[in-house]
Amino acid sequence: MSNDPQRPADAVVRESARGAALITFAKLWFMATGFLQPLVLTRLLGQEGYGLYGVVLSSISIVNNVVVSGSIQAMSRAVIQGGDRALRRALLLHAALGATLGLTLFAGADVFGATLLRDPQVPRLLRVAAIVVADY
């Protein structure tokens with residue numbers, strides 16, 4: 001019975017169905033939390049606090065989206081062309097880029113927040129957000 005060719009196909013179907021169910025659940029979770037986030041945060045932070053949150057989030061989202069999109073393309077291309085060695089090199093370059101962007105945001109928080117946006121509360125929040133940028 002161990003030579004049954006149907007056995008592996010059944011396992012693949014089960015694993016594929018499980019993966020599709022998990023992806024569907026994750027998508028529903030992100031949609032629900034994305035819908036509830038503004039409602040909950042506005043109540044917790046108040047209008048002014050939520051406004052500051054929005055300013056900081058929109059400021060770092062631009063950088064994060066570029067980094068994430070670019071790194072996905074670069075990493076996939078590197079792995080296809082060069083294998084594990086290229087992946088390790090790409091990860092090191094990505095870590096260096098993240099650290100550089102995070103440090104730049106941290107150092108430039110006063111100029112961006114207090115000078116350009118003219119809000120003395122933003123630089124402190126941008127410095128905290130710099131950690132997120134560096135981690136991406």
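Here is a short chat about two salt bridges, a helix pair and a loop residue.

Me: What kind of model is this, and how are residues numbered?
Reply: It's a predicted model, where local features need pLDDT of at least 70, side-chain atom pairs count only at pLDDT 80 or more, and totals for chains, interfaces and linings use all residues. Residues are numbered from 1 along each chain as its sequence is written, and side-chain values use heavy atoms, with hydrogens and water left out.

Me: What makes E15 and R18 a salt bridge?
Reply: Their closest N and O atoms are 2.9 Å apart, and the term asks for a side-chain nitrogen of Lys or Arg within 4 Å of a carboxyl oxygen of Asp or Glu, so the pair qualifies. The two sit 3 residues apart in helix α1 (residues 6-107), about one helical turn.

Me: Why is the D110 and R127 pair said to tie parts together?
Reply: Their side chains meet in a salt bridge at 2.8 Å, N to O. D110 lies in helix α2 and R127 in helix α3, so the pair links parts 17 residues apart in sequence. Helices here are DSSP runs (H or I, at least four residues), numbered from the N terminus.

Me: Why is R127 called partly exposed?
Reply: R127 has 24% relative accessibility; buried means under 20% relative accessible area, exposed over 50%, and partly exposed in between (1.4 Å probe, protein chains only), so R127 falls in the middle class.

Me: Is R118 buried or exposed?
Reply: Exposed, because its relative accessibility is 72%. R118 sits in the loop between α2 and α3, and has a positive phi of about 55 degrees although it is not a glycine.
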